[in-house]
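Dear colleague,

I am handing over the structure we spoke about, and I would be glad if you kept it open while you read the notes underneath.

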Amino acid sequence: MDLRDVPAPDLEDPLFQPYWAGAAEGKLVLPRCSGCERVNWPPRSVCPHCRSTEFAWAEHQPHGTLFSWTVVGRATAPGYHEVPYAVGIVALDDAPVRLMGTIVGAEPSALVMDMPVSARFAPAGSSPEFTLVQWEPTADLSATPTNPGS
Amino acid sequence: MNSNNAAYVRGVGNTRYVKKADQSVEALAVTAIDAAAADAGIAVSDIDGIIVYHGHIGTDEVIAQLRLPDVKLRAIIDIGGASAVSALQMASLYVLSGAATNVLLVRAIKGNSGPRKAKRRSFLPSQQFRTQLEYVAGCNTPAQRYAFLCRRYMHEHGLTREHLAEIALAARAHANLNPDAQMYERTLDMDEYLSGRVIADPYWLYDCCLETDGACAVVVSAQPGTDGQRPAVKILATEEGHADPPDDITNRDPFLHVGLEKAAARLWDSISLGPDDMDAAMVYDCFTFEVAHQLEAAGFATPDTIGRLILEDGIRLGGKLPVNTHGGLLSEGHMVGLNHIVEATRQLRGECGPRQVSGARHVAITGWGNLGDGSITVLGRHDGSA
């Protein structure tokens, strides 16, 4: 997947800066509320559960399961010129949060609900300017038969 | 809100819905508003309240074009496709409080010959989530976002391609009976449905709403304006509701819960009618699956029975619950759901000709917008002098 034309978001936005800084180092880093210990995603400046405004960013295991996905057939998103591609929602293994990302490393037709996926950190933008967190099947799909239940 | 002091849909009007209109947005709006005022039996200058929608013609443009002499209040409701039905509630409050007498709801857009959806300004909440989390992942349209809900729902509740297809085919069959519909002369069969190109799988071409040039308008008043000459159309109750959280789909828990569930629960509690009393339903149909999802959320089915309602009990004219008898956003035109209110009103008056639901007395209308906001209203036919 060619990510050179994907526009960088505001990498200095304080709500997201630690996430992007972590991704640049190949780490999945998410905010945990210092008041109630919940992992908050997407990040908010005030914890909706306890109203704390203090968050500690911590590294998470880059593993999860594919909770849902779409296969984009008509290109609409800036920088995503080539279709089809899959974008999904991944339920993280070690925290009760879900993350959106492109699903790579498998044909979209080979994706299976709740399959294990792992993060891949991919340089994006023209310099490259930032690192995107993508997800790919954890198991080697070529070694297993197609799941008839998909 | 359910009030004994009733508000009424006093008048409705629309242009024909087309792929490309030669007229300007303003000219389309004026045509629809003139028609709605005439239908209401008021002078256009009697309009003293306006509720509009982002991205369509605005209130000041309407006031200027129509030279409205004394508009007292105006509003924009910003919950996407749920806004039209929510506006019925706001308009009811305005006219029942006396803050305004005749409130205009209007949609006018060149949705097809103007900028494409993905290029238009986004009015979604929490724009940071969109730019920081979604656009960078190649996700920037409603089709893509709602496809996540659709696929998970299909997985959890056994909804299939056949169900999605029937929603599209039913809408088209209805539009083929509606001369104002964009797809009036274009039939759709299963083979063509299945040949539709992938937009955002599970959504294929014919799972997606149209983009339309046109306009429609509704006048809400505390007076039915019928003089006993035709049935009055009473707004029996209207509610809106919001998902938890409303500004993000990915981390909603439970994932498939939407605002309409809350709104519908309050609505049915507030009136002495239930889903089984509805003679038809106009359901916000931005995509096929959203019709199934909302029929369930609004109480017309459970996750276990929604498939049966669609394929066996029937959602076409003559079925158990005729849905979107005008063709909806899928086949009549995309007027962001205000056209659903226009159709429900005409059904209750018995004005729908070959697509008339015989003896329709109660019609429910839903709205779905942004990332899961919902709204629902029930309109009732009231015969004789109100």
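What follows is a short account of what was found in it, starting with the sheet of chain B and ending with the contact between the chains.

Please bear in mind throughout that this is a predicted model.

The sheet of chain B is a good place to begin: nine strands form an open sheet with mixed pairing, and their order across it is 3-2-4-7-1-8-11-10-9. At its edges stand strand 3 (73-76) and strand 9 (280-282) of chain B, and since each has a single partner strand, one side of each is left without a neighbour in the sheet. On average, and ignoring direction, neighbouring strands of this sheet are turned by 25° against each other.

Within this sheet, strand 1 (residues 7-14) and strand 7 (residues 213-221) of chain B run antiparallel and are joined by six bridges, and in this pair B:Gly11 stands opposite B:Val219 of strand 7. Strand 2 (residues 49-52) and strand 3 of chain B, by contrast, pair in the parallel sense over four bridges, with B:Arg74 in strand 3 as the bridge partner of B:Ile50. Between these two strands the chain passes through helix 2 (residues 59-66) of chain B, in a β-α-β crossover that is right-handed.

Two helices that lie on strands of chain B deserve a look. Helix 1 (residues 25-40) of chain B lies across strand 1, strand 4 (102-110) and strand 7, and runs at about 135° to strand 1 of chain B. Helix 8 (residues 259-270) of chain B packs on the sheet, where it touches strand 8 (232-241), strand 10 (362-369) and strand 11 (373-382), and its direction makes about 135° with that of strand 8 of chain B.

Which residues of helix 10 (residues 306-314) of chain B are buried? They are B:Ile306, B:Leu309 and B:Ile310, and because they cover an arc of only 90° around the axis, they lie on the same side of helix 10 of chain B. These buried residues pack against helix 6 (161-175) and helix 9 (288-297) of chain B.

Turning to the two chains together, 28 residues of chain B are in contact with 31 residues of chain A. Helix 4 (127-134), helix 5 (142-157) and strand 5 (198-201) of chain B each supply at least two residues of the side that touches chain A, and that side has 12 nonpolar, 10 polar and six charged residues. Strand 5 of chain B also runs antiparallel to strand 3 (residues 63-72) of chain A, to which two bridges join it; here A:Val72 has B:Ala200 as its bridge partner.

With best wishes

Note on methods
Residues are numbered from 1 along each chain as its sequence is written. Chains are lettered from A and ligands numbered from 1 in the order in which they are written. This is a predicted model: local features need pLDDT of at least 70, side-chain atom pairs count only at pLDDT 80 or more; totals for chains, interfaces and linings use all residues. Two residues are in contact if their C-beta atoms, placed from the backbone, lie within 7 Å. Ala, Val, Leu, Ile, Met, Phe, Trp, Tyr, Cys and Pro count as nonpolar, Asp, Glu, Lys and Arg as charged, and the others, Gly among them, as polar. Two strands pair if DSSP finds at least two bridges between them. A residue is buried if 20 or more other C-beta atoms lie within 10 Å of its own, exposed if 12 or fewer, and partly exposed in between; C-beta atoms are placed from the backbone. The arc is that of the directions from the helix axis to the C-beta atoms. Axes are lines fitted to C-alpha atoms, for helices over the stretch in contact, and angles run from 0 to 180 degrees between N-to-C directions. A crossover is right-handed if, with the strands pointing away from the viewer, the path from the first strand over the helix to the second runs clockwise.
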